[in-house]
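Here is a short report on one structure. Look over the sequence and the model first, then read on.

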Amino acid sequence: MRYADGGGLTPAGRQRRETVRIQAAELFEQNIKPPDVARRLRVSPKSAYQWDQLWRDGGVQALASRGPSGSRCRLSPRCLEKLAAYLDEGPAAHGWVEDQVWTAARVATLIGRKFHVAYSVSGATRLMHRLGFSPQIPARRVAERDEQAVTVWKEATWAEVKGPGRPAEATSASRTKPGSREGRPEDEPGVGAAALRS
């Protein structure tokens with residue numbers, strides 16, 4: 001799963017993790033071994049060993065947070081504001097008149113047209129999430145649909161066409177209850193096996 005903020009951590013979450021790593025550095029300075037550090041700080045031994053190696057190589061500074069992970073956005077904050085405004089205008093304002101749906105492919109095309117930056121469909125999806133847009137499934141309705149005519153047809157015509165249906169007792173089907181052996185031909189498959197089980 002990918003997160004818009006690189007790893008899914010807020011700045012406060014990154015600060016909490018950095019605090020734990022700094023506590024680990026203090027324990028390493030007291031010659032406490034990584035497995036004991038992991039137990040005391042309630043982290044995995046693997047993390048404690050990695051932090052110990054980083055601390056030995058670069059000191060406490062090596063355990064400092066490096067900010068959000070993930071690739072850097074290729075659009076400036078000003079371009080992101082413009083993109084959000086373009087998306088708010090709707091697809092028809094930018095040449096897609098068939099329907100009023102922004103797809104990731106359309107957004108990628110729009111970014112290429114307006115900002116001359118190539119984005120993949122998945123990259124455009126992540127960028128839309130970063131801007132606060134979420135995927136929506138449009139309701140498929142015919143533009144010429146007449147709701148009043150549909151209601152009249154359901155009430156009048158459908159009642160006549162539908163008919164009463166079959167009564168419930170007329171048929172029965174059960175997967176758990178085998179059919180009776182009475183009236184079955186002797187040469188029918190399974191008759192002999194049923195007789196052996198009786």
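What pattern does the protein chain follow, read along the sequence? The pattern is α-α-α-α-α-α-α-α-α. That comes to 9 helices and 0 strands. Helices (H or I, at least four residues) and strands (E, at least two) are DSSP runs, numbered from the N terminus.

This is a predicted model, in which local features need pLDDT of at least 70, side-chain atom pairs count only at pLDDT 80 or more, and totals for chains, interfaces and linings use all residues. Residues are numbered from 1 along each chain as its sequence is written, and side-chain values use heavy atoms, with hydrogens and water left out.

## The chain overall

The protein chain has 198 residues, and 23% of them count as buried. Buried means under 20% relative accessible area, exposed means over 50%, and partly exposed lies in between (1.4 Å probe, protein chains only). The protein chain exposes about 15,400 Å². Carbon and sulfur atoms supply 52% of that area. Accessible areas come from the Shrake-Rupley method with a 1.4 Å probe; for residues, only the protein chains shown count as cover.

Contacts are heavy atoms within 4.5 Å. Among contacts in the protein chain with a separation of 6 or more, 43% join residues 24 or more positions apart.

## Helix H1 and its partners

Helix H1 covers residues 11–29, and helix H3 covers residues 45–58. Their axes come within 10 Å and cross at roughly 70°. H1 is therefore roughly perpendicular to H3. Axes are lines fitted to C-alpha atoms, for helices over the stretch in contact, and angles run from 0 to 180 degrees between N-to-C directions. Angles under 35 degrees count as roughly parallel, over 145 as roughly antiparallel, 65 to 115 as roughly perpendicular and the rest as oblique.

The crossing of H1 and H3 is right-handed. A crossing gets that name if the near helix is turned clockwise from the far one by less than a right angle, and is left-handed if anticlockwise. On the H1 side, the contact uses Val20, Arg21, Ala24, Ala25, Phe28 and Glu29. H3 brings Ala48, Trp51, Asp52 and Trp55. By class, the contact of H1 with H3 has 7 nonpolar, no polar and 3 charged residues. Ala, Val, Leu, Ile, Met, Phe, Trp, Tyr, Cys and Pro count as nonpolar, Asp, Glu, Lys and Arg as charged, and the others, Gly among them, as polar.

H1 also meets helix H2 (residues 34–41), with axes that come within 10 Å and cross at roughly 140°. H1 and H2 are therefore oblique to each other. Their crossing is right-handed. Val20, Gln23, Ala24, Leu27 and Phe28 of H1 touch Pro34, Val37, Arg40 and Leu41 of H2. The contact of H1 with H2 has 7 nonpolar, 1 polar and 1 charged residues.

## Three loop residues

| Residue | Loop between | Relative accessible area |
|---|---|---|
| Asn31 | H1 and H2 | 66%, exposed |
| His94 | H4 (77–89) and H5 (104–115) | 10%, buried |
| His116 | H5 and H6 (121–130) | 71%, exposed |

Which residues does His94 touch? Not counting residues up to four places away in sequence, His94 touches Tyr86, Glu89, Trp102, Leu110, Arg113 and Lys114.

Backbone angles come next. Phi of Asn31 is near 60°, a positive value in a residue other than glycine. Phi of His116 is near 55°, again positive in a residue other than glycine.
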